[in-house]
Amino acid sequence: MAMRWFYLSVLALSSLGLMCILFTVYWMQSWHGGFAWDGTIFMFNCHPVLMVAGMVVLYSAASLVYRLPQSWLGSKLPWKIAHAALHLLAFILTVLGLVAVFRYHNRANIANLYSLHSWLGITTVFLFACQWFLGFAVFLLPWASMWLRGLLKPVHVFFGASILSLAIASVISGINEKLFFSLKNATKPYSSLPGEAVFANSTGMLVVVFGLLVLYILQASSWKRPEAGAMTERQPLMHERE
């Protein structure tokens, strides 16, 4: 039963994550003209899609690697590599998302990093970079002692969940900021709740629900990779699917 519930949760989470990306793509395509990589507003439209895909969905997938029961037995190294590789891919998408917004701002003579959204977002990316390099250096490379890894593991876990929370806050503030800029003058005001506002707000709520489910799974003790001494207590869960 526990195994079935776990995989149902993974299926629901995967569906929600895909919906978050597709909703963001549809928002940019339907209300803002689509995508390009040419320094124009269409390049800016790549920014929210890349940030949601990288900093929220793919980052979450990387964080949940150790929650898969298949990772509980055998060597931990392949799962460490998968964890680091998925996070690296998420970071690459995030950097591309930053390139998109900075190139557009510079071409349109718009100031960079002036809003709370931008401050929150760049702080999140900076912490993400530090987190990845610390994890790679301490937990993936073989030089670090078990004492050092044990000391830094709680810090690594704390910042992992904190960065996801900050990423969700950045997405929500970014959605709000985009709506305030786009729904004015010739368009219906944000306060009248036009179709774009309803859709974008709904996308934001999807991101929040997705993030909360990820944080719940990360905190659920029954789904954490057990320590070596506690492995025997989890054996029934490992074999439940057989």
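**Helix 3, helix 6 and G17 in a predicted model**

Me: Happy to look at this predicted model with you. At what angle do the axes of helix 3 and helix 6 cross?
Reply: Helix 6 covers residues 146–182, and its axis comes within 10 Å of the axis of helix 3. The crossing of the two is left-handed. Their axes cross at roughly 145°.

Me: Nice. Which residues of helix 6 do the helix 3 residues meet?
Reply: From helix 3, the residues taking part are V52, M55, V56, Y59 and S60. The residues of this contact divide into nine nonpolar, two polar and no charged. On the helix 6 side, the partners are F159, G160, I163, L164, A167 and V171.

Me: Where does helix 3 bend?
Reply: Helix 3 runs over residues 46–63 and reaches 24 Å from its first C-alpha to its last, close to the 26 Å expected at 1.5 Å a residue. Even so, helix 3 has a bend of about 30°. The bend sits at A53.

Me: How many of the 18 residues in helix 3 are buried?
Reply: A residue counts as buried when its relative accessible area is under 20%. By that cut-off, helix 3 is mostly covered. The number of buried residues is 17 of 18.

Me: Now over to helix 1: is G17 buried or exposed?
Reply: G17 lies in helix 1, which spans residues 2–32. Leaving aside residues up to four places away in sequence, G17 touches V57 and F210. Its relative accessibility is 1%, and the cut-off is under 20%, so G17 counts as buried.

Me: And how far apart are the C-alpha atoms of G17 and V207?
Reply: Along the chain, G17 and V207 are 190 residues apart. In space, their C-alpha atoms are separated by 7.8 Å.

Technical notes: Residues are numbered from 1 along each chain as its sequence is written. This is a predicted model: local features need pLDDT of at least 70, side-chain atom pairs count only at pLDDT 80 or more; totals for chains, interfaces and linings use all residues. Side-chain values use heavy atoms; hydrogens and water are left out. Helices (H or I, at least four residues) and strands (E, at least two) are DSSP runs, numbered from the N terminus. The expected span of a helix is 1.5 Å times one less than its number of residues. The bend at a residue is the angle between axes fitted to the seven residues ending there and the seven starting there. Buried means under 20% relative accessible area, exposed over 50%, partly exposed in between (1.4 Å probe, protein chains only). Contact means heavy atoms within 4.5 Å. Axes are lines fitted to C-alpha atoms, for helices over the stretch in contact, and angles run from 0 to 180 degrees between N-to-C directions. A crossing is left-handed if the near helix is turned anticlockwise from the far one by less than a right angle, and right-handed if clockwise. Ala, Val, Leu, Ile, Met, Phe, Trp, Tyr, Cys and Pro count as nonpolar, Asp, Glu, Lys and Arg as charged, and the others, Gly among them, as polar.
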